[in-house]
Amino acid sequence: MKTGKVDILLGLQWGDEGKGKIVDVLTPRYDVVARFQGGPNAGHTLEFESQKYVLRSIPSGIFQGGKINIIGNGVVLAPDLFMNEAKELERSGHPLKTRLHISKKAHLIMPTHRLLDKANEMAKGKNLVGTTGKGIGPTYTDKTSRNGLRVGDILNDFDEKYRLHKERHLRMLAALGWTDFTGLDEMEKTWMEGIEYMKKFMFVDSEHEINHILRDGKTLLCEGAQGTMLDVDFGSYPFVTSSNTIAAGACVGLGIGPSKIGNVYGIMKAYCTRVGSGPFPTELFDETGARIRDLGHEYGAVTGRERRCGWMDLVQLRYSVMVNGVTELIMMKSDVLDGFDTIKACVGYVLPNGEKTEELPFDLNGVKPIYKEFKGWKIDMTKFKSEEQFPTEFKEYMKFLEDFLETRIGIVSIGPDREQTIVR
Ligand code: GDP
Ligand code: IMO
Ligand code: MG
């Protein structure tokens, strides 16, 4: 039987690795691009022709030559935010209606899910997750507890379904002691406008559509959101998101058999960042961390929050390569380290009991990184066109990473623009 191929691109750290930029760069190689999990907690930035776009629910393949883009069943979608995002793209000259398909099985984020997100965070007190406040956790909770509202539900008896779901949420909010309903009416009004707006798009049985595409010998790129350390099973639980961000999530979130998966592209920064709470062994609290934040413009694309910055963590990355079955690495933001005298990468941990390990432990709290130091390359790489131009120090750094992670680095990114990408 003839079958097309499915590749997956996903984040190996705590999100914001640069997935949007690389999906856009790789899209010309594929027929279709699909998102398989997450929702508007994502913020994927793309830059080309002096324009900058931030995508939240719409796949990052939308700008390249009229390719079909699919929002899969594993995604959670907020109609109001989707409407704002889609209208802005249409205004900037990127028509979507014929080439963006939405799975009927994707779950809807209701305004009351956002209130529940806030109420849950409040109830956690100082142990709060630091969520994006977009209602992600409560929507996935409703999905797994078999209480969710799906895109396909829009097509019949929707108002009654909505009313029943809202009533249940209000009872849950009351139990959590939540009393602040300011702005809810307004939010609901825009949300319902979003529902009407969504009806202009094609609602599809995306598992059928995707498998037909593959049967026809075409190719699909699956775009991950968040990162492996935010995966609900394998991340730094409970400081994670509520979906499976790893490669297996693409099978579940799109209805693709594992035997169809080809390459798994794992994307990482040349250093590491994290937004929200939770352990981060290589976090830098000193001026080096501030310098990375400053040079890398490390502020959240969705919330504007400061990203916590630190050195690359190879123990953590080796774990991510393992659970995803990564076949090729992509290294981003190498240019941010251009001016540093020394660069560090964590190659082991000292556990709180004094033992050393190179394997990611169950609990990351209290582990101390063991670093290897590299000499900086001290050259502006942002205008390089080929890998031959890379300085020796940078080549040595890459070689060490490839050996430690037992995986080839296939692409190096040296700036935010589409053009600042070196394919090796
Ligand atoms: P995503 O969520 O994985 O798509 O990543 P984000 O868009 O949240 O964050 C990545 C940020 O880094 C964005 O502001 C990008 O424009 C920027 N960026 C991507 N690649 C590079 C790079 O190689 N160098 C620099 N300096 N910036 C980059
Ligand atoms: P992209 O796709 C970075 C983090 C939040 C919080 C935790 C849970 O742009 O890489 P949630 O709202 O999902 O319940 O929040 O996960 N988080 C992200 N951090 N990049 C993201 O997406 C993120 N999406 C969620 O900061 O710590
Ligand atoms: Mg992001």
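Trainee: What makes the link between the side chain of Arg305 and the backbone oxygen of Gly130 a polar contact?

Mentor: The distance is 2.9 Å, and a polar contact is a pair of N or O atoms within 3.5 Å; within protein, one must be able to donate a hydrogen and the other to accept it, and residues adjacent in sequence count only if both atoms are side-chain atoms. Keep in mind that this is a predicted model, where local features need pLDDT of at least 70, side-chain atom pairs count only at pLDDT 80 or more, and totals for chains, interfaces and linings use all residues. Residues are numbered from 1 along each chain as written, chains are lettered from A and ligands numbered from 1 in written order, and side-chain values use heavy atoms, leaving out hydrogens and water.

Trainee: Why is Arg305 called partly exposed?

Mentor: Its relative accessibility is 27%. Buried means under 20% relative accessible area, exposed over 50%, and partly exposed in between (1.4 Å probe, protein chains only), so Arg305 falls in the middle class.

Trainee: And why does Glu306 count as partly exposed?

Mentor: Glu306 comes out at 49%, so that one is in between too.

Trainee: How do you know that His165 is buried?

Mentor: Its relative accessible area is 14%, which is under 20%, so buried it is. His165 also touches Met110, Asn147, Gly148 and Leu149, not counting residues up to four places away in sequence; contact means heavy atoms within 4.5 Å.

Trainee: Which backbone oxygens does the side chain of His165 reach?

Mentor: That of Gly148 at 3.4 Å, and that of Lys161 at 2.8 Å.
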